[in-house]
Amino acid sequence: MTPVHFTLKQLRYFTAAGELSSVTQAAEMMFVSQPSISSAIMHLEEVTGLKLFIRHHAQGLSLTSQGLEFYRKARKLLDEASALAQFAESLGSEVSGILKLVGFPTFTPRLMPILMKRFSDKYPNVIIDCDEMHQRDLIRGILDSHYDMGITYDMELPNTIDFYPLASLPPYVLINKDHTLSDRHSVSLEDLAPYPLIMLDWPISRQYFTSLFLNNGLKPNIAHYTQSTGMARGMVESGFGYSLLNAPITDDKFSDNSNLVAIPIEGAVNPLTMGVAMLHQNPLTPAGEAFLAILKDYTEEITASLSI
């Protein structure tokens, strides 16, 4: 077994400097002196033989390519050490600690508050942090061990991330009640192609919705781009065109006074799978296991009644 010549404390100081790109800010965040941070970094560089940072005069520092790889491993190790401590505390007692979650913006504002409420009612000693990100940033956050798990789609996930599928979500059309196609029980992509499309302009999502048409030899008539589902719904309601979404895991019925109609797409369209993304071989904390159990139960509970 290779001997270890550094401590968890030194790793904490190093990762703080890496995240903040500043020894001064890292020292303030960790409530220690600047020499303590500098000494930890110098020690790590000495025992590993790696150049971890590039020092910029009067402009802080930045991780080298080797430093970035070392940072990711150090972050993972620190999270596992924290999880081990939480696990030890939870043995024979209630689940506790901090649970870091991230979700895809299509359904996070609707799904996550419900789940967090159910979880907090059952496990009040767990602090939940939940962020909302698009797929590329979400994946990077998991790879960098900033999050215990991500609730997202199965889009372009690297093999270093494990994905636990929960529900298949077919795309559907969001359309104004006054639209020519609004009285249909289902519509084809061929029907939709001539009409103006309000496209969700998110990386990967944009490619997915465009591919639905291209895979069927069609070209969408993209009239507007937006990076907000709320803006997309508002523009559809105001008659600017239709939009494409994937059915969220929640009751998505619109109120009687809404001008919106959701219509299934017929024909060959690839659904997206919603599920849980986790770093490969990164064991969940007791809090993470408990949240996953609640997420599975809730998904099973409402999938049967899911409709658009």
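Start with the rings: a search through the whole structure, which is a predicted model, turns up 8 aromatic pairs. One of them joins F119 and Y123, a tilted pair with 5.0 Å from centre to centre and 40° between the planes. Why tilted? The label applies because 40° falls between the cut-offs of 30 degrees for stacked and 60 for edge-to-face.

How covered are these two residues, buried or exposed? F119 is buried, with a relative accessible area of 0%. Y123 has 17% relative accessibility and counts as buried as well, because the cut-off is under 20%. Elsewhere, ring pairs tie F6, F14, F53 and F70 together into a cluster.

Now for the open space. Here are the two pockets side by side.

| Pocket | Volume | Share from α4 | Lining by class |
|---|---|---|---|
| Largest | about 290 Å³ | 4 residues | 2 nonpolar, 4 polar, 5 charged |
| Second largest | about 250 Å³ | 5 residues | 3 nonpolar, 4 polar, 5 charged |

Which residues line the largest pocket? The lining is made of E69, R72, K73, K76, R140, L143, S145, T160, L279, H280 and Q281. Two helices, α4 (65-90) and α6 (135-143), each put in at least two residues, and α4 has the largest share with 4. If you're thinking about electrostatics, the class count there includes 5 charged residues, next to 4 polar and 2 nonpolar.

The second largest pocket has its own list: R75, D79, S82, A83, Q86, I98, K100, D129, H146, Y147, D148 and T285. Helix α4 turns up here too, and along with strand β3 (97-103) it gives at least two residues to the lining. With 5 residues, α4 is again the biggest contributor to this lining. So α4 is the element to click on in the viewer, since it gives the most to the second largest pocket and the largest share to the largest pocket, with elements being numbered from the N terminus.

Zooming out, the protein has 10 helices and 12 strands. Its C-alpha trace spans about 70 × 50 × 35 Å along the principal axes. Of its 308 residues, 46% count as buried. Among contacts with a separation of 6 or more, 74% are between residues 24 or more positions apart. As for the surface, the protein exposes about 15,500 Å², and carbon and sulfur atoms supply 53% of that.

Definitions and conventions:
Residues are numbered from 1 along each chain as its sequence is written. This is a predicted model: local features need pLDDT of at least 70, side-chain atom pairs count only at pLDDT 80 or more; totals for chains, interfaces and linings use all residues. Side-chain values use heavy atoms; hydrogens and water are left out. On a 1 Å grid over the protein atoms alone, a cavity is a set of points where a 1.4 Å probe fits but cannot get out, and a pocket is an open set with protein on both sides within 12 Å along at least five of seven lines; lining residues have an atom within 4 Å of a point. Grid points are joined across faces, edges and corners, and a volume is the space filled by probe spheres set on the points. Ala, Val, Leu, Ile, Met, Phe, Trp, Tyr, Cys and Pro count as nonpolar, Asp, Glu, Lys and Arg as charged, and the others, Gly among them, as polar. Buried means under 20% relative accessible area, exposed over 50%, partly exposed in between (1.4 Å probe, protein chains only). Contact means heavy atoms within 4.5 Å. Accessible areas come from the Shrake-Rupley method with a 1.4 Å probe; for residues, only the protein chains shown count as cover. Rings of Phe, Tyr and Trp (its six-membered ring) pair if their centres lie within 6.5 Å; planes under 30 degrees apart count as stacked, over 60 as edge-to-face and the rest as tilted.
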